[in-house]
Amino acid sequence: MKALLRQPIALVLLDIRMPGMDGFETAAHIRRLDQTRNVPIIFLTGADDDAGYAFRGYATGAADYVTKPFAPWVLRAKVSVFLDLYRTGREVERLRAEIQELRRRVGPEA
């Protein structure tokens, strides 16, 4: 959670079964904070292939849900998609700021 607040994060890979706070609780905390609300979460779990876990994961705000064992290439492909979306979003924000700066310099009549 501290890392999420210190720097921009493109994606969270989160196990459901963790000591102390489980993945569902952690995801709920991530979703509560304004600065982390939109960070995509992929749940990874060795939990039984129980539809209830998957439902709870998506209801908590997961972008995806992967059960173990999984093919590494599948996880890499999913992560790659989210990284591309993150980079594209950052580029859109950079261009938006650049356009606003140009409008400010030129003035309202341009």
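Let me begin with a definition: a residue is called buried when its relative accessible area is under 20%, exposed when that area is over 50%, and partly exposed in between. Please also keep in mind that what you have in front of you is a predicted model.

With that cut-off in hand, I would like to take helix α4 and its charged side chains, and then move to the sheet and the aromatic rings. At the far end of the helix, E101 has a relative accessible area of 28%, and E101 is therefore partly exposed, whereas R104, with a relative accessible area of 58%, is exposed. These two residues both lie in helix α4, three residues apart, which is about one turn of the helix, and their side chains meet in a salt bridge with an N to O distance of 2.4 Å. Elsewhere in this helix, salt bridges that share partners join E91, R94 and E98 into one network.

Within that network, the side chains of E91 and R94 meet at 2.6 Å, N to O, and because E91 and R94 are three residues apart in helix α4, about one helical turn separates them. E91 counts as partly exposed at 36% relative accessibility, and R94 also counts as partly exposed, at 42%.

Then there is the salt bridge between R87 and D84, where the closest N and O atoms are 3.4 Å apart. Here too the two residues are three apart in helix α4, and so they are separated by about one helical turn. R87 counts as exposed at 52% relative accessibility, while D84, with a relative accessible area of 40%, is partly exposed. For the structure as a whole, the count comes to nine salt bridges, and the pairs I have described are among them.

Let me turn to what helix α4 lies against. The helix, residues 72-106, lies across β1, β2 and β3, and runs at about 165 degrees to β2. Those strands make up an open sheet of three strands in the order β1-β2-β3, with parallel pairing. Why is one side of β1 and of β3 left without a neighbour in the sheet? The reason is that β1, residues 12-15, and β3, residues 64-67, stand at the edges, so that each has a single partner strand. On average, and ignoring direction, neighbouring strands of this sheet are turned by 25 degrees against each other.

If we go through the pairings in order, β1 is joined to β2, residues 41-45, by four bridges, and the two strands run parallel. In this pairing V12 stands opposite I41, and L13 has I42 as its bridge partner. Between β1 and β2 the chain crosses through helix α2, residues 23-32, and this β-α-β crossover is right-handed. On the other side, β2 and β3 pair in the parallel sense, again over four bridges, with L44 standing opposite V66 in β3.

Is the strand β2 mostly covered or mostly open? It is mostly covered, since by the cut-off of under 20% relative accessible area five of its five residues are buried. This holds for both faces of the strand, with I41, F43 and T45 buried on one side and I42 and L44 buried on the other.

One of those residues, F43, takes us to the aromatic rings, as F24, F43 and Y53 form one aromatic cluster. How many aromatic pairs does a search of the whole structure find? The search finds three. One that I would point to is the pair of F24 and Y53, which is stacked, with 6.1 Å from centre to centre and 10 degrees between the planes. Because F24 lies in helix α2 and Y53 in helix α3, residues 51-60, this pair ties together parts that are 29 residues apart in sequence. The two rings' residues also differ in their exposure, for F24 is buried, with a relative accessible area of 3%, whereas Y53 counts as partly exposed at 25% relative accessibility.

To draw this together, we have a parallel sheet of three strands, a helix α4 that lies across those strands, and an aromatic cluster of F24, F43 and Y53.

Note on methods
Residues numbered from 1 in each chain as written. Predicted model: local features only at pLDDT ≥ 70, side-chain atom pairs only at ≥ 80, totals over all residues. Heavy atoms only, no water. Pairing = 2+ DSSP bridges. Axes fitted to C-alpha atoms, helices over the stretch in contact; angles between N-to-C directions. Contact = heavy atoms within 4.5 Å. Buried < 20%, exposed > 50% of the residue type's maximum accessible area, 1.4 Å probe, protein only. Right-handed = clockwise from strand over helix to strand, strands pointing away. Phe/Tyr/Trp six-rings, centres within 6.5 Å; stacked < 30°, edge-to-face > 60°. Salt bridge = Lys/Arg side-chain N within 4 Å of Asp/Glu carboxyl O.
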